[in-house]
Amino acid sequence: MDSIRHWMLGPQGSAHANDVDVLYMFLVWLSVFFFALIVFLTVYFAWKYRRTKEGVLTPNISHNLALELLWSVIPLIIVMGIFFWGFNDYVRASVAPNDAIEIHVTAKKWLWTFEYADGTRTIGNLHVPVNRPVRLILTSEDVLHDFYIPSMRQKNDVIPGRFVELTFTPTVAGRHQVFCAEYCGKSHSDMMANLFVDSPEVYQKWLEEGDPELQTMPPVEVGKMVYENKGCNSCHSIDGSRNTGPSFKGLYGRVEKFTDGSSITVDENYIMESINNPQAKIVAGYEPVMPTFQGLLRTPELRGIIAYIKELK
Amino acid sequence: MADTITATHISGHADHHDVDYLHDGKGLKSWLTTVDHKRIGVMYLWSILFMFFLGGVFAMLIRLELLTPKQTIMSAETYNKVFTLHGAIMVFLFIIPSVPAALANFVLPLMLGAKDVAFPKLNLFSWYIYMAGAFIAIAAMVTGGVDTGWTFYTPYSTTTDGSVALMTFAAFVLGFSSILTGVNFVATIHNLRAPGMGWFDMPLFCWGIYSTALIQVLATPVLAITLLLLIMERTFGIGIFDPKLGGDPVLFQHFFWFYSHPAVYIMILPGMAIISEIIPTFSQKTIFGYRAIAFSSVAIALVSFIVWGHHMFTSGQSQLASAIFSFITFFVAVPSAIKTFNWIVTMYKGSVAFNAPMLYALSFLLLFGIGGLTGIFLGAVSVDIHLHDTYFVVAHFHYVMMGSTVIAFLGGLHYWWPKMFGRMYNESAARVSCALVFIGFNTTFLPQFVLGSRGMPRRYYNYLPEFQFLHQLSTVGSWILGLGFLIMAGYLFASLRKKMDAPANPWHSRTLEWQTASPPITHNFHEIPTIGGGPYDYYRPVGKGRNA
């Protein structure tokens with residue numbers, strides 16, 4: 001029995017997936033029963049009453065109220081039961097518990113971006129801890145997409161200009177497939193993502209250190225990614241032009257004058273301080289508007305952004 | 001009293017009296033200016049069969065491309081256009097007009113004992129509108145094509161390249177053809193029933209077509225308005241559906257399905273209507289539960305207007321809305337079950353013959369069974385969330401649209417072919433072809449249920465290797481299906497080259513269209529038939545019932 005279920009529905013990733021599968025398999029067997037009934041009656045009547053003689057008259061059986069009520073009321077009762085069953089599972093699976101981890105998901109042709117509460121952003125890879133409810137808050141930057149995790153039996157359209165949510169509680173660690181299920185053009189069928197369900201330790205380690213790629217990537221490239229993904233680029237230029245904050249171009253080794261009259265030659269410690277405690281020293285001519293990034297950057301990312309700034313001569 | 005038959009002689013039209021409609025007037029002009037419902041029905045028939053061929057070629061291309069993941073024969077852009085055109089052609093240019101505009105146009109007035117439809121010129125006009133829509137659609141195909149899917153979901157459809165505005169305009173124009181046909185049939189059924197024919201003396205086909213016509217008249221204008229809004233947004237940048245312009249993309253889906261769900265019943269009800277004719281005729285038996293079947297058609301038509309939200313369980317509509325739509329949707333199951341059991345029980349103590357039309361009707365019972373039962377999966381919200389936009393849905397609606405409606409259409413085509421063209425086709429070839437279509441269809445679409453429940457999304461050009469075996473099975477099925485259709489085209493065309501050999505009533509039916517010559521004369525009947533009794537009185541000897 002379970003092998004039939006597995007063949008039809010694939011792996012399960014949550015308790016809700018099992019609920020859906022139980023109803024699905026109930027419907028399969030119900031359908032098999034009624035289909036067998038239809039086939040049997042059709043074949044039996046057609047063959048038993050096959051024409052053996054031309055031009056015969058047949059009995060006038062116009063209707064039978066009891067019989068017709070029977071095959072109206074029985075299906076009605078069955079489908080009402082199925083309605084409540086499906087509705088009940090749906091409602092339970094739609095409501096996120098209070099302790100759910102919230103992750104923002106942004107869809108755009110043709111990739112998925114994930115953003116965590118600590119500012120971590122990833123593209124195409126979603127990491128979540130096992131056995132913790134997850135609440136995804138999704139939006140699209142262009143057309144309709146649909147975030148579909150078959151193993152969680154969950155999907156929802158992702159709509160531009162609106163947030164929708166999708167909840168699941170993964171119980172099976174490992175990689176799970178994510179598809180885009182709403183047609184979105186040329187690379188719709190390649191708009192996939194990986195859902196990694198990690199043990200709590202692995203998840204914590206991932207949150208602190210990021211993707212393993214981060215460890216092997218040259219620090220300058222990590223820094224460039226941080227510069228583009230964490231919002232540095234909205235205030236600091238890399239070509240020397242003036243913006244809300246000083247440009248990164250030629251910053252390392254430069255002598256900066258501050259509003260209190262002091263000055264310093266920019267080094268690693270100054271950059272680190274400016275990221276973690278930006279109000280400590282304000283460069284003359286700029287407003288004190290930068291928010292702190294204390295705790296939002298991992299050590300390799302901090303190292304990366306420093307290496308990147310050093311590179312921008 | 002109910003059994004008496006009287007006849008009123010029609011006088012003053014002696015010149016038309018003995019010429020069949022095919023020979024009453026020669027040359028292209030006599031066809032293009034005809035107001036004879038039979039000729040218009042035949043013109044519709046060739047038009048929609050051409051479109052069926054075109055849509056079928058696109059279907060074969062889709063299946064061929066899916067033989068392997070990534071590129072097999074075409075690029076992703078081409079594939080997206082091909083599946084869009086397959087859907088748009090099959091829905092708007094083939095299935096919707098197939099039974100009503102082609103077959104019912106021909107047989108409905110005959111069944112009612114009428115000389116024509118209520119508005120013959122409007123009938124011809126609707127064909128011209130159809131042709132105009134078809135040409136605009138073809139123009140859209142050759143001037144860039146369309147890659148939105150037949151559903152034209154916004155904001156993709158308002159931002160993509162290609163001839164989207166032209167294609168939606170084609171659907172807009174075709175809608176008017178559909179509305180006019182509907183209006184015509186409603187008026188015809190109300191006013192042109194033969195003397196003595198009450199509503200419950202009509203063949204059930206007329207009930208099915210009546211229910212369909214009501215939906216055509218009431219729902220199609222909504223599609224027209226929606227498509228017009230889409231064209232306005234796309235062409236003039238008026239913000240209605242695109243959030244960048246201040247619009248709401250989900251609103252488009254509400255509008256679209258408000259028409260397109262009832263449209264599903266525009267497609268299936270006529271199929272059911274045909275089955276209600278074929279089964280009593282080939283069982284030589286009174287239909288079981290006449291009123292239940294008639295009222296089921298009307299009930300399905302009414303309920304069809306308030307279930308559109310079941311296409312949108314994952315669209316972001318409120319959970320309450322989803323729950324209500326799911327609840328109402330299940331009520332469609334009941335009239336469908338009633339009809340199915342009534343058809344089956346009609347054979348009980350009958351005299352069942354297995355000619356080609358009956359083989360199609362029996363195929364219908366099985367395929368509609370699968371199509372209907374898998375609909376229950378999709379009605380249950382929690383299961384639908386998983387199955388929505390996967391191949392399960394693709395398989396389900398092909399079982400209903402093709403396995404049921406198209407199979408019923410083919411049954412109707414084989415049933416009325418001798419009446420329409422006065423010729424019998426090769427029965428053995430027809431049986432072989434029916435069997436191939438049945439086997440090919442199931443081989444194509446049964447694997448798609450499993451593809452879908454395993455998570456394979458629809459409209460995918462590329463797919464994961466684990467899905468390849470089932471895709472290949474499906475593609476092989478499409479070849480068997482194609483072969484079945486080739487054989488069918490062969491023997492049907494071959495029959496047209498014969499001289500006329502069909503008797504007036506080859507299947508010994510009791511309904512009125514068989515009580516006149518094959519093919520019928522231009523005015524259908526020499527004498528206006530007057531009716532007593534029901535259309536399926538197979539318990540009385542011929543001549544003692546309603547028809548001499």
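These exercises concern a predicted model with chains A and B.

Residues are numbered from 1 along each chain as its sequence is written, and chains are lettered from A in the order in which they are written. Local features need pLDDT of at least 70, side-chain atom pairs count only at pLDDT 80 or more, and totals for chains, interfaces and linings use all residues.

**Exercise 1. Confidence**

Find the average pLDDT of chain B.

Solution. pLDDT is the predictor's confidence in each residue, from 0 to 100. Chain B averages 92. At least 70 is reached by 96% of its residues. Next, take residues 1–14 of chain B: pLDDT there is below 50. Where pLDDT is low, the predicted coordinates should not be read in detail.

**Exercise 2. Burial of Phe50(B)**

Decide whether Phe50(B) is buried, exposed or partly exposed.

Solution. Count other C-beta atoms, placed from the backbone, within 10 Å: 20 or more means buried, 12 or fewer exposed, and in between partly exposed. Phe50(B) has 13, so Phe50(B) is partly exposed. Phe50(B) sits in helix α2 (residues 37–65) of chain B; helices are DSSP runs (H or I, at least four residues), numbered from the N terminus.

**Exercise 3. A helix pair**

Classify the packing of α12(B) and α14(B) by angle.

Solution. Axes are lines fitted to C-alpha atoms over the stretch in contact, and angles run from 0 to 180 degrees between N-to-C directions. The angle between α12(B) and α14(B) (residues 391–421) is about 160°, and the axes are 8 Å apart. Under 35 degrees is roughly parallel, over 145 roughly antiparallel, 65 to 115 roughly perpendicular, the rest oblique. Therefore α12(B) is roughly antiparallel to α14(B).

Key:
Two residues are in contact if their C-beta atoms, placed from the backbone, lie within 7 Å. Helices (H or I, at least four residues) and strands (E, at least two) are DSSP runs, numbered from the N terminus.
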